[in-house]
Amino acid sequence: MKIPKRLQPLVEDGLVDEVIRPLMSGKEAAVYVVRCGNELRCAKVYKEANKRSFRQAVQYQEGRKVRNTRRARAMEKGSRFGRGQQEEAWHNAEVDALYRLSAAGVRVPTPHGCVDGVLLMELVTDEDGDVAPRLNDVSMSAEQAVEDHAFMMHSIVKMLCAGLVHGDLSEFNVLVDSYGPVIIDLPQAVDATQNNHARAMLERDIGNMTSYYGQFAPELKATRYAREIWALFEDGDLHPDSELTGLFEDDEADADVDGVLEEIKAAFAEEAARLERIRDADSD
Ligand SMILES: Nc1ncnc2c1ncn2[C@@H]1O[C@H](COP(=O)(O)OP(=O)(O)OP(=O)(O)O)[C@@H](O)[C@H]1O
Ligand SMILES: [Mg+2]
């Protein structure tokens, strides 16, 4: 096909040998199948900021690390230089997340770098070599849904242990190849410890996955993985291989009434002892 303008520099640099066909033009990016040497890859061309949607929202930007302070100031001011930098930070966030997550053993497309606003990555395919379907286009048995849901919860735990929450995880951002689910579309991934919305985003991500798989295995809908995972994470007890139960007791449900009474009694006793010490001191 005719080489799209934004892919031209990559062809000139020899990073891409041929542009095979457009795959998808989404809200944020246009995606192409390209050939690099004898491998088919996926090229994601990000749209200009003003053509993009909600995900640039402030809540996603919070806590995102910008190393250079001049750059951070420019981004805050929203100068032209700043907008350029913000754009670049947005692109880099997805590449950074892909490298970080592949290193952490999460199934994501293997990244092959990001040049001039184009991300090159592994093309996820099915057993016939065709582009893998999105989870949204796949139906499955209850047994398979339970298995894949557990795998997904485990992937989310590994992501969180690597410091990230996806932030837009849904059946549209998961592909299914012959080994199972592959997570894609990460430019909005948020820093789990720096972003105040991380917990809410984790709950939404897990909620989306649970209701999708829950269509095939309704028992999944009663699970409470988000609460369980976040509680472990907050206590510093979450590990990539943490065993999960899907159960979570609300604080009210298991409030330790006896323990609280004991503490009140202890406080009274302490106060009585303090008053006694004061009396003793006065009488000396
Ligand atoms: N590595 C990949 N391998 C195969 N297909 C891919 C890959 N990456 C993206 N796609 C296809 O391109 C579509 C768009 O990709 P992605 O979700 O990353 O971009 P997007 O612009 O955020 O899209 P949307 O707005 O639809 O979420 C995906 O739904 C998927 O069908
Ligand atoms: Mg997407």
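The exercises below concern the ligand shell and one helix pair in a predicted model.

**Exercise 1.** Describe the shell around ligand 1: which residues come nearest, which strands supply it, and how its residues divide by character.

Solution.
- Start with the nearest residues: of the 22 around ligand 1, these are Gly26, Lys27, Glu28, Pro109 and Asp185.
- Next, assign the shell to strands. At least two residues each come from S1 (18-25), S2 (29-36), S3 (39-46) and S5 (118-122).
- Finally, sort by character: the shell around ligand 1 holds 14 nonpolar, two polar and six charged residues.

**Exercise 2.** Determine how the axes of helix H5 and helix H7 are placed relative to each other, and which residues meet.

Solution.
- Two packed helices are described by the angle between their axes and the distance between the axes.
- For H5 (residues 142-161) and H7 (residues 225-234), the axes come within 11 Å and cross at roughly 25°.
- Angles under 35 degrees count as roughly parallel, so H5 is roughly parallel to H7.
- The crossing of the two helices, H5 and H7, is right-handed.
- On the H5 side the contact consists of Met153, Ile156, Val157 and Leu160, which meet Tyr225, Ile229 and Phe233 of H7.
- By character, the residues of this contact of H5 with H7 are seven nonpolar, no polar and no charged.

**Exercise 3.** State which residues of H7 are buried, what covers them, and what follows the helix.

Solution.
- Tyr225, Ala226, Glu228, Ile229, Trp230 and Phe233 are the buried residues of H7.
- Their cover includes H5 and helix H6 (198-214).
- Just after H7 comes glycine 236, with a positive phi of about 75°.

How values were computed
Residues are numbered from 1 along each chain as its sequence is written. Chains are lettered from A and ligands numbered from 1 in the order in which they are written. This is a predicted model: local features need pLDDT of at least 70, side-chain atom pairs count only at pLDDT 80 or more; totals for chains, interfaces and linings use all residues. A residue is near a molecule or strand if its C-beta atom, placed from the backbone, lies within 6 Å of it. Helices (H or I, at least four residues) and strands (E, at least two) are DSSP runs, numbered from the N terminus. Ala, Val, Leu, Ile, Met, Phe, Trp, Tyr, Cys and Pro count as nonpolar, Asp, Glu, Lys and Arg as charged, and the others, Gly among them, as polar. Axes are lines fitted to C-alpha atoms, for helices over the stretch in contact, and angles run from 0 to 180 degrees between N-to-C directions. Angles under 35 degrees count as roughly parallel, over 145 as roughly antiparallel, 65 to 115 as roughly perpendicular and the rest as oblique. A crossing is left-handed if the near helix is turned anticlockwise from the far one by less than a right angle, and right-handed if clockwise. Two residues are in contact if their C-beta atoms, placed from the backbone, lie within 7 Å. A residue is buried if 20 or more other C-beta atoms lie within 10 Å of its own, exposed if 12 or fewer, and partly exposed in between; C-beta atoms are placed from the backbone.
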